[in-house]
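Let's take a walk through this fold together. Have the sequence and the 3D view open, and follow along as we go.

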Amino acid sequence: MGFIGLLVSIIYKTLFLSGDSGYRLAHTYSKLVLIASMTAILVFSPRKTIFIIPLIVVLGLISPGLDWVIASITLSGLAGFYLSISAYLLSLTGLYSMDLFKIIEVAARTTGISLSFIFMFTIISPIEIHDLLYYLKGRRACVIPLLLWRLIPYSLRNFMDSLAVGYLKKEKTFKRRAPASASMIETGRFIEDYCYARLETESKTSIQLPRNTKYSILLIIASLILILIKILLNGPAGI
């Protein structure tokens, strides 16, 4: 299916491989603590971002699993590679200097940042966003996150299927972009038409999401590890 098909497949596995299972069943407070711990390191100690990578890999192996870990590292690694090469090429203009160590550092930090955001996305359930909008009185918009969480993976699957059809017909990838994109638009219109009444009415109640204590404890332990990393490796500003 070519590079485009491979990239879409990686994005699908990274963001939508698991349903409402795993860390999405953890308690909301444990998720907030982990997100706050990650954000503190990303913002105040960016050079320690590399320590987040092995932690997320271990958590990812527990859930969603090996396929998610491989896809997430690949996607974040591509972002790190692109940004590091771009920074190096820009350094050739003479604006600043970069050696091999700095190139690797940029790649590692970008990979860590990307992997952190991917994991944050993975642990958030659309049901939690639905309930948040419900309690904030945005009851007409409550259903939108739920529909998007269904529409996007369906569209990506249709896109990959269209590229696969082109591959079997030995067509070039760029010739399949139009029908692949059309299949995504058709899926969106189908869901919009089918759920028209739901989009035009307010949600009547919140949705109770079952909680899993094991995953909540794992996120709390991960948060404590990040806090220890921040404290024990604390140094001058910017380190």
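**Starting at helix α6**

The buried residues of α6 are P126, I127, E128, H130, D131 and Y134. Keep in mind that what you are looking at is a predicted model. Those buried α6 residues pack against three other helices, namely α2, α5 and α7, the last of these covering residues 143-168. Just after α6 you come to K137, and its phi is positive, near 70°.

Now step back and take in the whole chain. Its secondary structure comes to ten helices and zero strands, so to speak a run of α-α-α-α-α-α-α-α-α-α when you read along the sequence. The C-alpha trace spans about 55 × 50 × 30 Å along its principal axes. There are 239 residues, and 39% of them count as buried. If you take the contacts with a separation of 6 or more, 80% come from residues 24 or more positions apart. On the outside, the chain exposes about 13,800 Å², with carbon and sulfur atoms supplying 69% of that area. As for charge, you'll find 24 positive and 13 negative side chains, and the centres of the two sets lie 5 Å apart.

Next, follow α6 across to one of its packing partners, α2. Helix α2 takes in residues 28-44, which is 17 residues, and it reaches 24 Å from its first C-alpha to its last, close to the 24 Å expected at 1.5 Å a residue. Which of its residues are buried? They are S30, K31, L34, S37, M38, I41 and L42. Look down the axis of α2 and these buried residues fall within an arc of 130°, so they line one face of the helix. The spacing makes sense if you recall that an α-helix has 3.6 residues a turn, so residues three or four places apart point the same way. Turn to the face pointing away from the buried side and you meet the exposed residues Y29, V43 and F44. What covers the buried residues of α2 includes α3 (52-62), α5 (100-123), α6 (126-135) and α10 (213-232).

While you're on α2, pause at A40, which is found in this helix. Is A40 buried, exposed or partly exposed? Its relative accessibility is 27%, so A40 counts as partly exposed, given that the partly exposed class runs between 20% and 50%. Leaving aside its neighbours within four places in sequence, A40 is in contact with S45 and K230. A40 also sits 8.9 Å from I227, C-alpha to C-alpha, although the two are 187 residues apart in sequence.

A second pairing across the sequence shows up at N212, in the loop between α9 (196-199) and α10. N212 is partly exposed too, with a relative accessible area of 25%. Its C-alpha is separated by 8.2 Å from that of Y23, and the two residues are 189 apart along the chain. Not counting residues up to four places away in sequence, N212 touches L25 and A26.

One last stop is the loop between α3 and α4 (66-91), where P64 lies. Check the peptide bond joining S63 and P64: this bond is cis, with omega at about 10°.

Methods
Residues are numbered from 1 along each chain as its sequence is written. Side-chain values use heavy atoms; hydrogens and water are left out. Helices (H or I, at least four residues) and strands (E, at least two) are DSSP runs, numbered from the N terminus. The expected span of a helix is 1.5 Å times one less than its number of residues. Buried means under 20% relative accessible area, exposed over 50%, partly exposed in between (1.4 Å probe, protein chains only). The arc is that of the directions from the helix axis to the C-beta atoms. Contact means heavy atoms within 4.5 Å. Accessible areas come from the Shrake-Rupley method with a 1.4 Å probe; for residues, only the protein chains shown count as cover. Lys and Arg count as positive and Asp and Glu as negative; His and the chain ends are not counted. The place of a charge is taken as NZ of Lys, CZ of Arg, CG of Asp or CD of Glu.
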